[in-house]
Amino acid sequence: MNRHSPRTAFTLIELLTVMAIITLLIGILTPALSAARNRAKATTIRAQLNAMEAGLELFSAPDAEGQFPPSNAVLYANDINNPGNSPGSVTDWEVGSTATNILQGAHLLVDALVGRDFLGYDPKPTNGVVYDRWKNTNDRRQPYIPVDGVDVTSDQKPPEDGFGTLQSATVNGVTFEPQPLITGSGSEQLLCRVFRDKFGFPILYYRASLTKNQNTPIITAGNGTPPPGANYGNGVYDGMDNAGFTSYDATPPPASAHRINDAHLDFPIPAGNYGSVLNNRFAEYIRSIRSSTYDTTNPDLILKPRPVKSDRFILLSAGQDGIYGTLDDIANFAALSTER
């Protein structure tokens, strides 16, 4: 007589217990995996910025352009191989008109490193002839960073920040487009794209002034008129260079969406005390704690605020949250840190 052991099976309670444990484990592991992915993206962004830094160094070499590319459209027209231009002649360099579609630092970074059409930088000749700077048959410099793998905005995916697709921004009466179309001397019309970080947000570029000294304020002081008026500020850095990416006039999004949204405003200098008040958030954001000087009797009193990278440039990613000026920002300096 054969005897068979009774077949065992999970009870309903046991199945529910196993499912609850699996659900709990998923709940524990998912944030950790997401955090790991975000850390990996942040590491990749740092590598992006390092590559851009190296490319900008090549751009500024004596046997190349001799200086870092300006992040301001008017300075681009005046500084690079065309020093005789009068302020306001930005159309000569096809970097925007004096009223609309002014290219900003994020656009000019693409122009300098890979070319607006990915064919390389076009050093416009200085002979003043009619010239279509972006004609695809022009002689070009080789791209200063590898084009393969470069992530830029497109027609299908325009610039975005943490609040969604970027719209036109009107700052002090001047309209900035996050991705304008610029028409050259000929009939070509080209989209002015921006580099995107691995979170999909624009990488901003600010170049330090070539004429700064130890008494130059961090950002614009006493000259808050943007293009087409004064065209650029007289500080070490000019927040107008990326105002369209950090500033909004209307809601939504709110005017204070980005922590550095006031970058285009004057940096106040109280009478009799150089920079004791830093109520411009962009100026404080880029202030070097180590380089600034303080009152010996009152360490909280800033006597002479100095910016980071005062003789170079700033590269800035908004980080995971897509908001410039927050703790997760990634820059070519230690943003929001005492170790800068």
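1. A good place to start is a charged pair under cover: D111 and R116 are both buried. The two form a salt bridge, with their closest N and O atoms 3.4 Å apart. Keep in mind as you look at this pair that the model is predicted. In general, side chains of opposite charge can pair when their charged atoms come close.

2. D111 belongs to α3, and this helix is worth a look in its own right. Mostly covered, α3 has nine of its nine residues buried. Besides D111, the buried residues of α3 include G105, H107 and A112. After the helix comes G115, which has a positive phi, near 90°.

3. Now to R140, which sits in the loop between α3 and β1. Which residue does R140 pair with in a salt bridge? The partner is D117, and the closest N and O atoms are 2.8 Å apart. This pair links distant parts of the chain, 23 residues apart, although both R140 and D117 lie in the loop between α3 and β1 (160-161). The partners differ in cover: R140 has a relative accessible area of 18% and so is buried, while D117, with 22%, is partly exposed. The dividing value here is 20%, since buried means under 20% relative accessible area.

4. R140 has further company. Leaving out residues up to four places away in sequence, R140 touches D117, L119, G120, Y121, D122, R133, W134 and K135. P123 is 17 residues from R140 in sequence, and their C-alpha atoms are 7.0 Å apart in space.

5. One more salt bridge for your list joins the side chains of E284 and R287, at 2.8 Å from N to O. Is each partner buried or partly exposed? E284 counts as partly exposed because its relative accessibility is 29%, whereas R287 counts as buried because its value is 7%. Elsewhere, D117, D122 and R140 are joined into one network by salt bridges that share partners. The structure holds nine salt bridges.

6. On to the nonpolar interior. The largest nonpolar core has 37 residues, and the members touching the most others are M52, L56, L109, L113, F195 and L315. At least two residues of this core come from each of α1 (12-59), α2 (73-79), α3 (105-113), β4 (174-176) and β10 (313-317). The element giving the most is α1, with six residues. Another core lies apart from this one; it has 25 residues, including A106, V194, L204 and Y237.

7. M52 is a handy residue to centre your view on. Which residues does M52 contact beyond its neighbours within four places in sequence? They are L109, L113, I145, F195, I203 and L315. Of these, L109 and L113 are also among the buried residues of α3.

8. Helix α1 also deserves a look from the outside. L24 is found in this helix, and L24 is exposed, with a relative accessible area of 55%. Together with I21, L25, I28, L29 and L33, L24 makes a nonpolar surface patch of about 600 Å². When you look along a helix, remember that an α-helix has 3.6 residues a turn, so residues three or four places apart point the same way.

9. For the overall picture, the protein has five helices and 11 strands. Of its 340 residues, 48% are buried. The protein exposes about 16400 Å², with 55% of this area supplied by carbon and sulfur atoms. Among contacts with a separation of 6 or more, 62% are between residues 24 or more positions apart.

10. Finally, a word on confidence. The protein has an average pLDDT of 79, and 76% of the residues score at least 70. Which elements have the lowest and highest mean pLDDT? The lowest mean belongs to α2, at 73, and the highest to β10, at 97. Two stretches call for care. Over residues 83-88, pLDDT stays under 50, and the model has 12 contacts beyond four places in sequence for them. Over residues 271-276, pLDDT also stays under 50, with 20 such contacts in the model. Where pLDDT is low, the predicted coordinates should not be read in detail.

Notes:
Residues are numbered from 1 along each chain as its sequence is written. This is a predicted model: local features need pLDDT of at least 70, side-chain atom pairs count only at pLDDT 80 or more; totals for chains, interfaces and linings use all residues. Side-chain values use heavy atoms; hydrogens and water are left out. A nonpolar core is a set of buried Ala, Val, Leu, Ile, Met, Phe, Trp, Tyr and Cys residues joined through side-chain atoms within 4.5 Å. Buried means under 20% relative accessible area, exposed over 50%, partly exposed in between (1.4 Å probe, protein chains only). Helices (H or I, at least four residues) and strands (E, at least two) are DSSP runs, numbered from the N terminus. Contact means heavy atoms within 4.5 Å. pLDDT is the predictor's confidence in each residue, from 0 to 100. A salt bridge is a side-chain nitrogen of Lys or Arg within 4 Å of a carboxyl oxygen of Asp or Glu. Accessible areas come from the Shrake-Rupley method with a 1.4 Å probe; for residues, only the protein chains shown count as cover. Patches are made of residues with over 30% relative accessible area and no salt bridge: like charges are joined within 9 Å, nonpolar side chains (Val, Leu, Ile, Met, Phe, Trp, Tyr) within 5 Å.
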